Every structure is written in C-alpha cells, then in structure tokens.
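This report covers strand pairing, the nonpolar core and the pockets. Keep the structure open while reading.

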Amino acid sequence: TQDSDTQRQLEKFRNTLTNTKFIGRYTVSSGENEEMPKPEEYTITSVKKLPKEDFWEITARIKYGDHDVTVPMVMEVKWAGTTPVITVNQLFVPGLGTFDARVLLRKNQYAGTWAHGDVGGHLFGRIEKNDQSND
C-alpha cells in the first residue's frame, strides 16, 4: 500500500542519516565573485520524524570555518519522487545565525544551495557512516 511504502521511505531516510557525517565543501558567492570551495563537516547524531507533516528534528554538529556547534534543528524534508530535499526557511541556528537552504540527498552524496542574509553559495559532498571511535 502507499502508506506502507511511505513509511518504509521515511524509515530508510532516518536510518540513512542517523550517525553519519556529511563531508564536503561550500562556496561563498557575493555578486559576481565566488570564492574557492572551503571544507565543511556535519555530523548527524540523530534524526527523528516530528508529528507535523514533513518536519524532522535533526541533531547535528556543524563545523565550518572557526565555528563548531552541536544543535538540534527542526527542518522540513520535501520529496522529489524518492529523493529527499532538506528544505530550510529562515532557520535560526544558535551561534551561527539564520539560514535558508535546499539540500538534495542522493545515495551517498549531497548537493545544494545555502543563504545567510545577503551571502550564499553552494555546498556539496559525500555522506559516510560515522565511525564512533573517532569522536
């Protein structure tokens, strides 16, 4: 049935993201200038479906530049067929500020766009299961 297919898809999403690292790069675009990609890393420790349709609580350690914070965030996940797209609209992240983003997840890769005020750019990388002995 469609409900059981949807439930399997949601459970697969939760299992795929829980205890993973997003290891990649991001760019900063301002006007016509785009800086070379810089390293970024997100460690996803937990993923929980919320009662409100399409919303999830994703707890992540976010490392980029001189920032390193761990925070639970409520994010909307939309589906393009069987492909999840993390959809962030004016999400306030303590210690970092307010962000917008669209991040597509496919197999073991992610790619998308982000914005923080008037600054934004692209992000992309790979998704790996976290080796807990490293943290």
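## Strand pairing

In S5, which residue is the bridge partner of Thr43? The partner is Arg61. The model is a predicted one. This bridge belongs to the pairing of S4 with strand S5 (residues 55–64). The two strands run antiparallel, with nine bridges between them. They also form a hairpin, and five residues lie between the strands. Asp54 sits in the turn and has a positive phi of about 70 degrees.

S4 (residues 38–49) also pairs with strand S1 (residues 20–26). That pairing is antiparallel too, with seven bridges. Here Arg25 has Pro39 of S4 as its bridge partner.

## Nonpolar core

In soluble globular proteins, nonpolar side chains tend to be buried together. In this model the largest nonpolar core holds 29 residues. Met73, Ile86, Val93 and Leu105 have the most contacts inside the core.

Take Val93 as an example. Leaving aside residues up to four places away in sequence, Val93 touches Ile62, Val71, Met73 and Phe99. Met73 is thus both a contact of Val93 and one of the residues with the most contacts in the core.

## Largest pocket

The largest pocket has a volume of about 570 Å³. Its lining has 27 residues, and those closest to the centre are Tyr42, Ile62, Phe99, Ala101 and Leu123. Two or more lining residues come from each of S1, S4, S5, strand S6 (67–80), strand S7 (83–93), strand S8 (97–106), strand S9 (109–116) and strand S10 (119–129).

What is the lining of the largest pocket by class: how many residues are nonpolar, polar and charged? The split is 24 nonpolar, one polar and two charged. Two of the central residues, Ile62 and Phe99, are also residues that Val93 touches.

## Second largest pocket

The second largest pocket has a volume of about 290 Å³. It is lined by 13 residues, and Lys12, Thr16, Thr82, Pro84 and Lys107 are the closest to its centre.

Which element gives the most to this lining? Helix H1 does, with five residues. H1 (2–17), S7 and S8 each supply at least two. By class, the lining has six nonpolar, four polar and three charged residues. S7 and S8 thus contribute to this lining and also to that of the largest pocket.

Notes:
Residues are numbered from 1 along each chain as its sequence is written. This is a predicted model: local features need pLDDT of at least 70, side-chain atom pairs count only at pLDDT 80 or more; totals for chains, interfaces and linings use all residues. Side-chain values use heavy atoms; hydrogens and water are left out. A nonpolar core is a set of buried Ala, Val, Leu, Ile, Met, Phe, Trp, Tyr and Cys residues joined through side-chain atoms within 4.5 Å. Buried means under 20% relative accessible area, exposed over 50%, partly exposed in between (1.4 Å probe, protein chains only). Contact means heavy atoms within 4.5 Å. Two strands pair if DSSP finds at least two bridges between them. Helices (H or I, at least four residues) and strands (E, at least two) are DSSP runs, numbered from the N terminus. On a 1 Å grid over the protein atoms alone, a cavity is a set of points where a 1.4 Å probe fits but cannot get out, and a pocket is an open set with protein on both sides within 12 Å along at least five of seven lines; lining residues have an atom within 4 Å of a point. Grid points are joined across faces, edges and corners, and a volume is the space filled by probe spheres set on the points. Ala, Val, Leu, Ile, Met, Phe, Trp, Tyr, Cys and Pro count as nonpolar, Asp, Glu, Lys and Arg as charged, and the others, Gly among them, as polar.
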